[in-house]
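Colleague: I would like to learn how to read a fold like this one. Can we go feature by feature?

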Amino acid sequence: MSAAALLCSCVETPTDFSSEVVVDNSLSFSKCKAIKKSLEGNFSGIAWLGGNEYVVVDDKSETEGFYRFRIDIDYRGEITSVERGEFVTNGESYPDGESIEYFPAANSVFLMGEQENRVIELSLKDGSRTGREIPCSDLFPVVYNAGLESLSYNDVTKRFWLTSETTLPDDGETATPENGLSNILRIQAYDDNFNKAGQWFYLTDKPSIKVSGNPYVAGVSDICALDDGRLLVLERESNMEGFTGFCNNRIYIVDPTSTDQGKRLEKTLMLEIPSKSTNYANYEGMCLGPRLKDGRRVLVLVSDSQTNMRGALKDWFLTIRVRGI
């Protein structure tokens, strides 16, 4: 994000205990309040380990690894505290880590890096490389600042899911306000043995404005795999121009299990999270968290503050209570 994107100081958003919103016959949600921290992070991915333990990846980390976080969530699904713990690293260079996922079978994590378009496995204990990785270089060529962005794993379906942020060169132009296109993404599945298990197409929303600021980004910033085979897809459109910046985040739900491979996924909007200069939140990480006593599942989101840029941007954490997953 450029220095020209200086924003005024963030303020806390009002407490919002929204009533439950029904998306379809099987899904409904209610949004909790967002909280902000000044952690000077570039948080781009998050995964739940169980209890109040999470791992978070920072896309500006100089070495390969992840942060351990403690995020306490109460009986209502509200975040009560956020604490960043140690940075676990093996010391290797691995620039631009964009997503992270926990793999319970091996007590390891998979780290996705955009610059090299690699998804490698690290020990959860000490961050050392296991020597395994998901083979995806033939499907996702290296594209500067538009490569692999999103990774998810579900231990019920035993599937990894990954996709790029924007359109790959072989599939057309990247969406901009000037061309008015949608991004065309390939969402790829792998099984537990890292074999290809299907590919589907996903179209992002078209740009909402006509002229882009500096910088302008639009695409998918994360995905989250559900136990029933469906996916939550987090789209992000961010436009910065002086003090008029905005970031609009939308969460869609898609169902690869009811769509033939190679076809376009139909998407249903679950939630829109707009933000402007006074509460700018660029959500880049999303994962499932604990299940509440009433059966609802907590979805946890984390934003990228670009190291609390100019003291204005903050690190936002948000929970959403979802029924039907």
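Modeller: We will take sheets, hairpins, backbone angles, cysteines, a pocket and a cavity in turn. Keep in mind that this is a predicted model.

Colleague: Let us start with sheets. What is the order of strands in the open sheet that begins with S4, and how do they pair?

Modeller: The general idea comes first. Strands of a sheet pair through backbone hydrogen bonds, either parallel or antiparallel. In this case the order is S4-S5-S6-S7, four strands in an open sheet with antiparallel pairing. S4 and S7 (79-89) are the edge strands, each with a partner on one side only. On average, neighbouring strands here are turned by 25° against each other, direction ignored.

Colleague: How many bridges link S4 and S5?

Modeller: Six bridges, in the antiparallel sense, with S5 covering residues 53-58. To find the register, pick one pair: Gly50 has Glu53 in S5 as its bridge partner.

Colleague: Which strands are at the edges of the open sheet S8-S9-S10-S11?

Modeller: S8 and S11 (129-134) are the edges; each pairs on one side only. This open sheet has four strands with antiparallel pairing. Its twist averages 25° from one strand to the next. Inside the sheet, S9 (residues 108-113) and S10 (residues 118-123) pair over six bridges, again in the antiparallel sense. Val109 is bridged to Leu122 in S10.

Colleague: Now S14. Which strands pair with S14?

Modeller: S13 and S15. Strand S13 (residues 159-164) runs antiparallel to S14, joined by three bridges. Trp161 has Ala189 in S14 as its bridge partner. S14 and S15 (residues 196-203) pair over six bridges, also antiparallel. Ile184 has Leu203 in S15 as its bridge partner.

Colleague: How many residues of S14 are buried?

Modeller: In general, side chains of a regular strand alternate between the two faces of the sheet. In this structure, S14 (residues 184-190) has five of its seven residues buried, so count it as mostly covered; buried means under 20% relative accessible area.

Colleague: What joins S14 to S15?

Modeller: A hairpin, with five residues between the two strands. Look at Phe194 in the turn. Phe194 has a positive phi of about 70° although it is not a glycine.

Colleague: Is Phe194 buried or exposed?

Modeller: Phe194 is buried, at 12% relative accessible area. Compare Asn107, in the loop between S8 and S9. Phi of Asn107 is near 50°, a positive value in a residue other than glycine. Asn107 is partly exposed, with a relative accessible area of 42%.

Colleague: Next, cysteines. How many disulfides does a search of the whole structure find?

Modeller: Begin with the chemistry: a disulfide is a covalent bond between the sulfur atoms of two cysteines. The search of the whole structure finds zero. Take Cys287 as a worked case.

Colleague: Why is Cys287 not bonded to Cys224?

Modeller: The distance is too far for a bond: the sulfur of Cys287 is 6.8 Å from the closest cysteine sulfur, which is in Cys224. The cut-off is within 2.5 Å. Cys287 counts as buried, at 4% relative accessibility. Cys247 is buried too, with a relative accessible area of 0%.

Colleague: On to pockets. Which residues lie closest to the centre of the second largest pocket?

Modeller: Read volume first, then lining, then class. The second largest pocket holds about 340 Å³ of space. It is lined by 19 residues, and Trp48, Glu101, Tyr153, Asp155 and Arg297 are the closest to its centre. Strands S4 (43-50), S8 (97-103), S12 (148-154), S16 (216-225) and S20 (283-291) are the elements that each give two or more residues to the lining. S4 gives the most, with four residues.

Colleague: What classes of residue make up that lining?

Modeller: For the second largest pocket, 12 are nonpolar, three polar and four charged.

Colleague: And how many cavities of 30 Å³ or more are found?

Modeller: Two. The largest cavity has a volume of about 100 Å³. Of its 15 lining residues, Asp205, Ala218, Glu235, Arg236 and Glu237 are the closest to its centre. S16, S17 (231-239) and S18 (246-254) are the elements that give two or more residues to its lining. By class, the lining of the largest cavity has six charged, five polar and four nonpolar residues.

Methods:
Residues are numbered from 1 along each chain as its sequence is written. This is a predicted model: local features need pLDDT of at least 70, side-chain atom pairs count only at pLDDT 80 or more; totals for chains, interfaces and linings use all residues. Side-chain values use heavy atoms; hydrogens and water are left out. Buried means under 20% relative accessible area, exposed over 50%, partly exposed in between (1.4 Å probe, protein chains only). On a 1 Å grid over the protein atoms alone, a cavity is a set of points where a 1.4 Å probe fits but cannot get out, and a pocket is an open set with protein on both sides within 12 Å along at least five of seven lines; lining residues have an atom within 4 Å of a point. Grid points are joined across faces, edges and corners, and a volume is the space filled by probe spheres set on the points. Ala, Val, Leu, Ile, Met, Phe, Trp, Tyr, Cys and Pro count as nonpolar, Asp, Glu, Lys and Arg as charged, and the others, Gly among them, as polar. Two strands pair if DSSP finds at least two bridges between them. Axes are lines fitted to C-alpha atoms, for helices over the stretch in contact, and angles run from 0 to 180 degrees between N-to-C directions.
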